[in-house]
Amino acid sequence: AERCRGTRAKQELELLLGCDDMLLQMNAIEVLSMLPPSDCGELIPRLIDTSENLTGALPSSLLLCASRYLAHAPTPPPPIAAKLSAALCTRLQTSKSQDLVDALSCLAACVASPRGLSALAQCDGFAPCVVSCGACAEATHEATRLAALDAIANALTSLRGINPPVPPPPDVAEGRGGVLGKVGCGLASFVVSLATKSPIMEQRFAALSVLAALCLHEWGAKAAVCVEGMVGGVMDGKGVSGKKILEEKHQVMKNACLHASIAQVVGPEVYGRMQAYVSQGPYVVGGG
């Protein structure tokens, strides 16, 4: 960043945004997205405006840069959050195929931090974005499904990490996590099925990530453990290969056991097995 300031490289990168070579434009955007938020904040509205009415890789790169900015800016400006929220909302509701996957990836990047989630959640477009993302999680197109699950897992994790002075989503005061909690809990049965039965390891891992994030919240953990077969299916390590899958299964149960009230939902015997599974660590096969 210091070298960019000293050599006026940033100004040269800005000039490349207006050139006719899309590869140069995308490379310039990638470099700009690596700069500290304080160095590129004034550019973000321009990037979002440029993305409008375009399709393909270039507008996706522009919005991804803006999303990363919102996630990492110490105090994301509300006008930029509102502009990005509107752009993502439109794309999530109208795009198809790879453009939709790219829009979901931008949403995932934006909500990957508590500040990014908070900034986006103050905007009118937040609820429609979350609802559209929830619908995409159940899509038959695998890339769309995976991108949506990633966004939901990021958002639920960031929701748990929001602390003063960062404001929570306004509708969280209504209980159970607002629209994000409603969508997450509504997907509980679906993600449990994916996490325990899907033959595709990428889908299984993505679903486990959502479950782990959902179980960070008491209301989410209750919704998850109420799904038939969830506790036994997640704790069962038989036939599972891969360190990451075993670790993610363990994380789900570990997060669920953060809430003592879960014992009242599943009963003391099952809760005792959950605690024993957590205490044994992720690499002990069995437990279901």
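Trainee: How many cavities of 30 Å³ or more does a search of the whole structure find?

Mentor: Just one turns up at 30 Å³ or more. Keep in mind that we're looking at a predicted model. The largest cavity has a volume of about 70 Å³.

Trainee: Which residues line the largest cavity?

Mentor: The lining is made by Leu107, Val111, Phe126, Val130, Cys133, Ala151, Ile152, Ala155, Leu180 and Val183. The elements that give two or more residues to it are helix H10 (126-137), helix H11 (142-161) and helix H12 (178-186).

Trainee: How do you know how the lining of the largest cavity divides into nonpolar, polar and charged?

Mentor: Sort the residues by type: Ala, Val, Leu, Ile, Phe and Cys are among those that count as nonpolar. The lining then comes out as ten nonpolar, no polar and no charged.

Trainee: Let's stay with helix H10. Why is Cys129 called buried or exposed?

Mentor: Cys129 has a relative accessible area of 1%. Buried means under 20%, so Cys129, at 1%, is buried. Cys129 lies in helix H10 and, leaving aside neighbours within four places in sequence, is in contact with Ser85, Leu88, Cys89, Leu92 and Leu107. Cys129 and Leu107 are 22 residues apart in sequence, yet 8.2 Å apart in space, C-alpha to C-alpha.

Trainee: And what makes Ser118 buried or exposed?

Mentor: Run the same check. Ser118 has a relative accessible area of 3%, and the cut-off for buried is under 20%, so Ser118 is buried. Ser118 sits in helix H9 (residues 114-121). Not counting residues up to four places away in sequence, Ser118 touches Ile162, Val166 and Pro167.

Trainee: Which residues of helix H13 are buried?

Mentor: In H13 (residues 188-197) they are Ala188, Phe190, Val191, Val192, Leu194 and Ala195. What covers them includes H10, H11, H12, helix H14 (201-214), helix H15 (218-225) and helix H16 (230-235).

Trainee: On to charges. How many salt bridges does the structure hold?

Mentor: Three. Side chains of opposite charge can pair when their charged atoms come close.

Trainee: What makes Lys83 and Asp49 a salt bridge?

Mentor: The cut-off is a side-chain nitrogen within 4 Å of a carboxyl oxygen. For Lys83 and Asp49 the closest N and O atoms are 3.0 Å apart, and they form a salt bridge. This pair links distant parts of the chain: Lys83 is in helix H7 (residues 78-94) and Asp49 in helix H5 (residues 44-51), 34 residues apart.

Trainee: Why are Lys83 and Asp49 called partly exposed?

Mentor: Buried stops under 20% and exposed starts over 50%, with partly exposed in between. Lys83 has 31% relative accessibility, so it counts as partly exposed. Asp49, at 38%, counts as partly exposed too.

Trainee: What about Lys222 and Glu218: how far apart are they, N to O?

Mentor: Their side chains meet in a salt bridge at 3.7 Å, N to O. Lys222 and Glu218 are four residues apart in helix H15, so about one helical turn separates them. Lys222 is partly exposed at 30%, and Glu218 is partly exposed at 38%.

Trainee: How do you know that Lys243 and Glu247 meet in a salt bridge?

Mentor: The limit is within 4 Å, and this pair is given at 4.0 Å, N to O, as a salt bridge. Both lie in helix H17, four residues apart, about one turn of the helix. Lys243 has 54% relative accessibility and so counts as exposed, while Glu247, with 29%, is partly exposed.

Trainee: Which side chain of opposite charge is nearest to Lys249, and how far away?

Mentor: Asp236, at 6.5 Å. A salt bridge needs a nitrogen within 4 Å of a carboxyl oxygen, and Lys249 is buried yet has no salt bridge. Lys249 is in helix H17 (residues 243-256).

Trainee: What is unusual about backbone geometry here, given that most peptide bonds are trans?

Mentor: The peptide bond from Pro164 to Pro165 is cis, with omega near 10°. Pro165 is in the loop between H11 and H12. Ser97 has a positive phi of about 55° although it is not a glycine. Ser97 is found in helix H8 (residues 97-110) and, at 52% relative accessible area, is exposed.

How values were computed: Residues are numbered from 1 along each chain as its sequence is written. This is a predicted model: local features need pLDDT of at least 70, side-chain atom pairs count only at pLDDT 80 or more; totals for chains, interfaces and linings use all residues. Side-chain values use heavy atoms; hydrogens and water are left out. Buried means under 20% relative accessible area, exposed over 50%, partly exposed in between (1.4 Å probe, protein chains only). Lys and Arg count as positive and Asp and Glu as negative; His and the chain ends are not counted. On a 1 Å grid over the protein atoms alone, a cavity is a set of points where a 1.4 Å probe fits but cannot get out, and a pocket is an open set with protein on both sides within 12 Å along at least five of seven lines; lining residues have an atom within 4 Å of a point. Grid points are joined across faces, edges and corners, and a volume is the space filled by probe spheres set on the points. Contact means heavy atoms within 4.5 Å.
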